[in-house]
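Visitor: I would like a close look at one small part of this molecule, and then a walk outwards from there. Could you explain the terms as we go?

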Amino acid sequence: MVRILAATDFTEDNRPVLEFTANMARQTGGKMYLLHAVEPCMMDAAGSMAADDLLGGFATVPAVNEPPENLVLAMADQRAKMLAEAISKQYDIPIYGKAEEADDIVSCVHDFCRRHNIDILVIGNRHHSLLTSILLGNTAEKLVRAAKIPVTVVPCGPKAK
């Protein structure tokens, strides 16, 4: 069974990545994995955020007795699992959803691929401006360069439509 990972940031722009991966998993009879990497800066910022700002689309805070920085990771993990469940029902395929803390997104994604024996990685590319790419780098490009497995890059964002 082929194992296909969709790396997601939960934005609506990233929807084509999830749909492409789900279709690929359904057509190949494979299993889809969904990963969201949570950067430490997001978890650090949680300590100074109001509870309403931490909800990120949830009606209630998950029942966890954790400091705020762990709450952000727990909420992201819950969101990944909920998204995986919704896509699983829509496409009638098995999906494993997970959020993990990532000091480095590229390392996090590739470590996940190694640990879960992922065969194909699917990522999105938002077509950032040249200046943004120069100043901040391009995560999609870094993921492709560091890959040891096939990577499919799906166009995302307003320029992709």
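What is the relative accessible area of Glu 19?

Guide: Happy to help! Glu 19 has a relative accessible area of 33%, so this residue is partly exposed. On this scale, buried means under 20% relative accessible area, exposed means over 50%, and partly exposed is in between, with a 1.4 Å probe and protein chains only. The areas come from the Shrake-Rupley method with a 1.4 Å probe, and for residues only the protein chains shown count as cover.

Before we go on, two notes about what you see. This is a predicted model, where local features need pLDDT of at least 70 and side-chain atom pairs count only at pLDDT 80 or more, while totals for chains, interfaces and linings use all residues. Residues are numbered from 1 along each chain as its sequence is written, and side-chain values use heavy atoms, with hydrogens and water left out.

Back to our residue. Glu 19 sits in helix α1, which covers residues 15-28. Helices (H or I, at least four residues) and strands (E, at least two) are DSSP runs, numbered from the N terminus. Glu 19 and Ala 6 are 13 residues apart in sequence, and their C-alpha atoms are 9.4 Å apart in space.

Now step back to the whole chain. There are 7 helices and 5 strands, and along the sequence they follow the pattern β-α-β-α-α-α-β-α-β-α-α-β. Of the 161 residues, 39% are buried. The chain exposes about 9100 Å², with carbon and sulfur atoms supplying 53% of that area. A contact means heavy atoms within 4.5 Å. Among contacts between residues at least 6 apart in sequence, 71% join residues at least 24 apart.

Helix α5 (105-115) is a good place to see burial. Its buried residues are Val 106, Cys 108, Val 109, His 110, Phe 112 and Cys 113. Their cover includes the strands β1 (3-7), β2 (31-38), β3 and β4 (120-125), along with helix α7 (139-146). Just past α5 comes Asn 117, in the loop between α5 and β4. Asn 117 has a positive phi of about 50 degrees although it is not a glycine. Asp 92 is another non-glycine with a positive phi, about 55 degrees. You will find Asp 92 in the loop between α4 and β3, where this residue is exposed at 69% relative accessible area.

Next, charges. Side chains of opposite charge can pair when their charged atoms come close. A salt bridge is counted when a side-chain nitrogen of Lys or Arg is within 4 Å of a carboxyl oxygen of Asp or Glu. The whole structure holds 7 salt bridges.

One of them joins Glu 100 to Arg 115, with the closest N and O atoms 2.4 Å apart. This pair links distant parts of the chain, since Glu 100 is in strand β3 and Arg 115 is in helix α5, 15 residues apart. Glu 100 is buried at 15% relative accessibility, whereas Arg 115 is partly exposed at 42%.

Another salt bridge stays inside one helix. Asp 77 pairs with Lys 81, with 2.9 Å between the closest N and O atoms. Both lie in helix α4 (residues 68-91), 4 residues apart, about one turn of the helix. Asp 77 is buried at 15%, and Lys 81 is partly exposed at 38%.

Helix α7 offers a further example: Arg 145 and Glu 141 meet in a salt bridge of 2.8 Å, N to O. These two are also 4 residues apart, separated by about one helical turn. Arg 145 is exposed at 67%, and Glu 141 is partly exposed at 40%. Salt bridges can share partners too, and in this way Asp 77, Lys 81 and Lys 98 are joined into one network.

Finally, look for a patch of negative charge on the surface, where Glu 39, Glu 101, Asp 103 and Asp 104 gather. Patches are made of residues with over 30% relative accessible area and no salt bridge; like charges are joined within 9 Å, and nonpolar side chains (Val, Leu, Ile, Met, Phe, Trp, Tyr) within 5 Å. Lys and Arg count as positive and Asp and Glu as negative, while His and the chain ends are not counted. The place of a charge is taken as NZ of Lys, CZ of Arg, CG of Asp or CD of Glu. Within this patch, Asp 104 lies in the loop between β3 (95-101) and α5 (105-115), and is partly exposed at 39%.
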